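Hi,

Here is the structure I promised to pass on. Have a look at it first, and my notes follow underneath.

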Amino acid sequence: MCTMVLKETLAYYTVDDGEAFCTFLDAKKAFDRVDYCKLFPELMKRDIHPLYLRLMSYMPIVMYVLVGIGMVATFRAIDGVKQGGIIIPALFCVYLDSLLLALSRTRVGCFIGDIYVGALAYAGDVTLIAPTARTMRYMLHVCEDISREFCVTFNAAKSPCVVVSTKPERYSESMEFSINCKKIVFSDEYVHIFIRKHNYKEYR
């Protein structure tokens with residue numbers, strides 16, 4: 001669903017010689033950095049039954065230290081969520097929802113009608129879609145502020161920006177975006193979530 005909305009938004013903004021800037025932010029070790037003191041208040045805001053919250057708070061996240069084929073020791077993790085669990089992507093979406101809401105409240109980014117589609121996310125992947133370079137810089141600034149509050153670090157080296165346009169020659173190679181003072185590179189294509197590689201030249 002996330003990928004479908006992305007493709008439809010890009011198609012909507014590139015019709016009649018339009019353009020869009022699309023930055024794919026990669027959260028570095030996203031699941032390991034989840035702060036329980038931030039996660040559970042977010043869950044409480046959603047009126048989840050207290051018994052379920054108590055159950056989740058007592059669910060042990062046990063780590064094993066192995067040497068060769070023998071178990072040496074176990075310890076309980078004090079932060080982070082275990083990758084591969086059925087409920088984990090949903091929990092991380094709740095954790096990251098504050099970022100999406102902050103971007104939506106700015107009313108900056110792409111819209112289809114009155115529906116905000118400037119920020120899409122699933123698990124550790126956040127996609128920003130902006131109609132102008134100035135708008136994209138502002139959205140990245142908002143991401144920096146929220147990421148510091150929620151202990152999320154975006155990896156600029158793995159967060160390319162794709163300029164989707166019918167006339168890409170309009171843009172100068174000197175145009176730069178950054179996140180946390182690290183330069184974001186430009187690319188012609190990107191693998192979004194778990195789908196096959198799409199070359200965005202198809203929109204040109």
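One thing to spot straight away: just after helix 5, Cys151 has a positive phi of about 60°. Bear in mind that this is a predicted model.

Helix 5 itself is worth a look. It covers residues 133-149, and its 17 residues at 1.5 Å each should span 24 Å; the end C-alpha atoms sit 25 Å apart, which agrees. Its buried residues include Met136, Met139, Leu140, Val142, Cys143 and Ile146. What do the buried residues of helix 5 pack against? Among their partners are strand 1 (19-26), helix 4 (88-106) and strand 7 (125-130), along with strand 9 (177-179) and strand 10 (182-184).

For the wider picture, the protein chain has five helices and twelve strands, and 43% of its 204 residues count as buried. Of the contacts between residues at least 6 apart in sequence, 71% join residues at least 24 apart.

Now the charged side chains. I searched the whole structure and got five salt bridges. Arg46 takes part in one with Glu42, at 3.7 Å between the closest N and O atoms, and in another with Asp97, at 2.6 Å. Arg46 is in the loop between helix 2 (36-44) and helix 3 (50-58) while Asp97 is in helix 4, so this pair ties together parts 51 residues apart in sequence. Arg46 is partly exposed at 33% relative accessible area, whereas Glu42 is buried at 7%.

Elsewhere, Lys183 and Glu176 form a salt bridge at 3.6 Å, N to O. Lys183 is exposed, at 53%, and Glu176 partly exposed, at 44%. Shared partners also link Glu42, Lys45, Arg46 and Asp97 into one salt-bridge network.

Cheers

Conventions:
Residues are numbered from 1 along each chain as its sequence is written. This is a predicted model: local features need pLDDT of at least 70, side-chain atom pairs count only at pLDDT 80 or more; totals for chains, interfaces and linings use all residues. Side-chain values use heavy atoms; hydrogens and water are left out. Helices (H or I, at least four residues) and strands (E, at least two) are DSSP runs, numbered from the N terminus. Buried means under 20% relative accessible area, exposed over 50%, partly exposed in between (1.4 Å probe, protein chains only). Contact means heavy atoms within 4.5 Å. The expected span of a helix is 1.5 Å times one less than its number of residues. A salt bridge is a side-chain nitrogen of Lys or Arg within 4 Å of a carboxyl oxygen of Asp or Glu.
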